[in-house]
Amino acid sequence: MKIAIILAVATLPLLGQTPQPVGAVSGRVLDADSGGPIADFPVANNVRTDDRGNFKLSGIKPGVFQIRLLGQRVWPELNITTVNVIAGQEVTGVEIRVRLDGEISGRVLDQNKDPVSGVPVHAIGREYYAGALRYFADTGTAVTNDRGEYVLRDVRAGRSLLLLMEKRKVYEKAISDAPADVELRLPAYRATYYPNASSTGEATFVTLRSGEHRTGMDIQVLRSPGFCVDATLMADGAPASLNFKVTDELTSSANLIPGSSSSGPIAVSSGPDGKIRLCDLYPGQFRIAALRRAGSSTELFGAVSVMIGKEDVHNLRVMATAPAMIPTEVVWDGSAPDAAAQAQFTLLSQSVTNDVMPTSAGRTRYPVPGTLSFPALPGVEYLLQPSLAPPAAFPNSYIKDITYGPLTVLNQAFRAAAGTLRVSIANDGGFVNATSPPGAQILILPVAVANEAILAAAMVSGQADSTGSYTSRSLAPGKYYVLATDSLIDRTPECIGRIWKARTRAQEVEIAPTVTATVKLSEVVSLSLVNNR
Amino acid sequence: MWRIVLIVSAFIRLTGATTFAGRVVEDHSGNPIPRVEVRITRIHASGPSAELETDADGRFRISELPDSEYTIRFSKADHSAVEITTHGRAGMLLWLTRFGAISGKISDFEGHPIANAQVAALTPSEEIAGTVDMNAPSGEYRIYGLRPGSYRVAVLTSGGVRSRRGIALYPNNSAPRDFTVSGGEEYTGADISLAAGPVFRLTARAESTEARSVLFTLVSAEHPGRQLAQQLVPVDRPFTVESVVPGNYELLASGTSPTNSSSFGRAPVNLVAANLDDIHVRLDQVRSASFSLQLREPCVADALVELKTIEAWLGRPTSVTIHAGKLVDLTALAPARYSISAEPSRGDCYATVTREIDLTRDSASKPVEIVLAPLGSIQGYLTGTARAVDYVVVLTSRYGSWQRICFPDASGEFEFSAVPPGSYLAFAAGRDVHWAPSRQATALEVSGGTPVTLQLHPPDGSR
């Protein structure tokens, strides 16, 4: 077993330096699916559960204490349990529900059931991200061995996953020497989803139970004639020597894993004539990007989408340009607060697509109101993350809107065009204070959201402490649904779909400007029991 | 030893529009091999005229190519590749060698599986072959992609609290088993139990007047390419390693001085049954070697020579550019075994050079000669048979695993063109004959430029 990383962090440190009396926390670690105890599970450094899943943490400073699990037997997403520790007492009965990682194995076979060796199989997850449902490589990659076998280890349980065989599109030279006649070329290996589907729509999802080892997940690869695309890469209106990169827009390779810094390989560069010829392509939609890097940033970039049908594509042009500097205004919505002079505004922009290096984070701080500009590459989607500091000076602040021309891009992906980006920060936010059974997850959902993708971006969640209290961050005035649940929250369409349905069982509150709305939640909704779709 | 097995039966020479057709089968079983990639390239052309795959029955066929001589390359992952240069032919039967595999389980002395151990197959020259397996939580491992040859299975590192410094061979270090792969072997049950046994401590000090700090590396004498411990210490402090299993080791030390000059030392260590706490390594062992470059017509270029230590000395490879007619000395080299590689600075020439030099005891006594030569060729004739067209001639690289095949004409003449300079084995093969090149092949050196002449006889008793 690998060693789990456990962080036990005490927040709200006590004032004063004298030795303090301490408290203790005890409870059980349970399997989220079966409800059974999990033995030998690491809860903190040198603390593991016994055979019946029991643990006890002692010598803890009084105050709010968080048990954070971030381990190898569970998918490393923060699994936090908040406990109120009282000096000289033991908080008992803390139940931590976890899903243990599982394993998926099988073979990749060709049309004759002959094993295909040396090809990667990815576990693909779906999540709402930057205002759309996107596919991501979820749990790493396994490469088939000489018998066509693959094993995906440490696979996240409880999520719908797709299995995808997709050969990496790395080109060794700019001009492929594949024969001119399609009939005389090797057939291509299509990106194939389990069990033998060419698209996510026809693919079969697999969801592991906690700790499950699923075997026999054989993928039969689809073949097709291998098509070629010839293109000219251009910069400043003339052919240029540029790097290039090909991604299958219909598979996960088009998306960057949220928060990751990898952008995959780029191939060799074209010659000064800008000519490239890429083969081994199959029917589908591909994105061909031309780029030039300078250090860790992208100096020139351009991408085109190309549909491959039943023949080669000729005379494509890919124009690379320097990033556009997006003029941006930051304004107060309404009158400026008293502390306005202290305002420090930052704007991070993270690329969503996989064919560019992540933009260097704009850590520069700007005053409000103020103007700034940031680089954005043509045709690239970005997730904009504005923030205002210091929080203590602006307790009622929130990002009211981000507009670009006539459109709002709040909770959605941003794409460079013409116009000025305008970020408006309001200072009249209110709060929700919820009372619920201790430890419940509290969900706050704006009433006025158009669809699940926006809901996933706009919802606010947190956990009630051991006294059953939770206070939200500053929220825009308006109507909200508030809900308590005992389920783990993520941004998969399954989970967001259940939250969407569960709104009927939520309490509706209206937050007035700068006011704290209180809500009592006696019911804890189990999202797994909500009928999805 | 490995053997190349090849059957070419009922080759039919066709005229007019060119057709290639035939079947590819597994050398050890005779089973058809589907999805073999067949690339057909017109001689002297840059890209293939046609690419195809064998079907489920191992068959391939392409017709109506323009009449010419073609090179056909047959390849599939985990199999040896074969290249044939010929005019159109039907009825070809090709035998590809499937690479071997070894699998087993790793456990500790109590039988508990050990996960995340690094397991590898080592060649007689200590190189890692095939895949390196970081084994599963169940302790199981599988190494595949083993070309014909002889291998030992070694656990190179085993992580976790029970880690011991030392390389563990299957089934044990005193009598390791040699696995022979000739084609398609699938060895199972190579289970390795990491024995309990005693472990000891080594402590060493460097003796140097100049060095400020010393990088110590401990390697086993039998597998010097794998470091077992490495530590940078100030020159007045000892280097200590715990948990070393008994055996023969080499301690490698490189010192760094304020003037940035390097000094080196090495000492053999024989760990038997007690801690060794007073090893002294004198940093006074510096080596040199000189290099010269020879050009064969029409090559005109410099050569970039790279020296890499075979032992696990830390440091980047040393490289130097060499011009023709001028000796270049490399000094301040560590007392190590080196592998040498050379590349021409430009052009289509190939560099040939001795693969290895040993400077552990002394500096090189004579210059290392690098030769830049163009692609060579082999012109030969098959004697001792009236029916030369019933045979094929096979050329195999001595250190690799690809084969080239050509067809003698009725008078027995044959030719391999565009052969990179290097060492080769060549032999004639008849119909339905299994061939052991170690016994019957002719070794030859292709130096580039001038053609090499070769006379071959048909195999004994083949017809």
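**Close-up views of a predicted two-chain model**

**View 1. Residues 432-438 of chain B, a stretch of low confidence in the predicted model**. Across residues 432-438 of chain B, pLDDT stays under 50. The model nevertheless has 19 contacts beyond four places in sequence for this stretch.

**View 2. Residues 1-11 of chain B**. In this segment of chain B, too, pLDDT stays under 50. For residues 1-11 the model has 40 contacts beyond four places in sequence. As context for both views, the average pLDDT of chain B is 84, and 91% of its residues score at least 70.

**View 3. The side of chain B that touches chain A**. Here 18 residues of chain B are in contact with 14 residues of chain A. Two elements of chain B, β4 (50-53) and β12 (140-146), each give two or more residues to this side. The largest share, four residues, comes from β4(B). By residue character, this side of chain B comprises eight nonpolar, four polar and six charged residues. For the complex, the predictor gives an ipTM of 0.78 and a pTM of 0.81.

**View 4. Helix α2 of chain A and its buried residues**. Helix α2 of chain A spans residues 493-502. Within this helix, C495(A), I496(A), R498(A), I499(A) and A502(A) are buried. Viewed down the axis of α2(A), the buried residues fall within an arc of 160 degrees, and they therefore line one face of the helix.

**View 5. Elements covering the buried residues of α2(A)**. The cover includes the strands β10 (120-129), β35 (441-446) and β38 (478-485) of chain A. Helix α1 (452-458) of chain A also belongs to what covers these residues.

Conventions: Residues numbered from 1 in each chain as written. Chains lettered and ligands numbered in written order. Predicted model: local features only at pLDDT ≥ 70, side-chain atom pairs only at ≥ 80, totals over all residues. Contact = placed C-beta atoms within 7 Å. Nonpolar A, V, L, I, M, F, W, Y, C, P; charged D, E, K, R; others polar. Buried ≥ 20, exposed ≤ 12 C-beta atoms within 10 Å, placed from the backbone. Arc of directions from axis to C-beta. pLDDT = per-residue confidence, 0-100.
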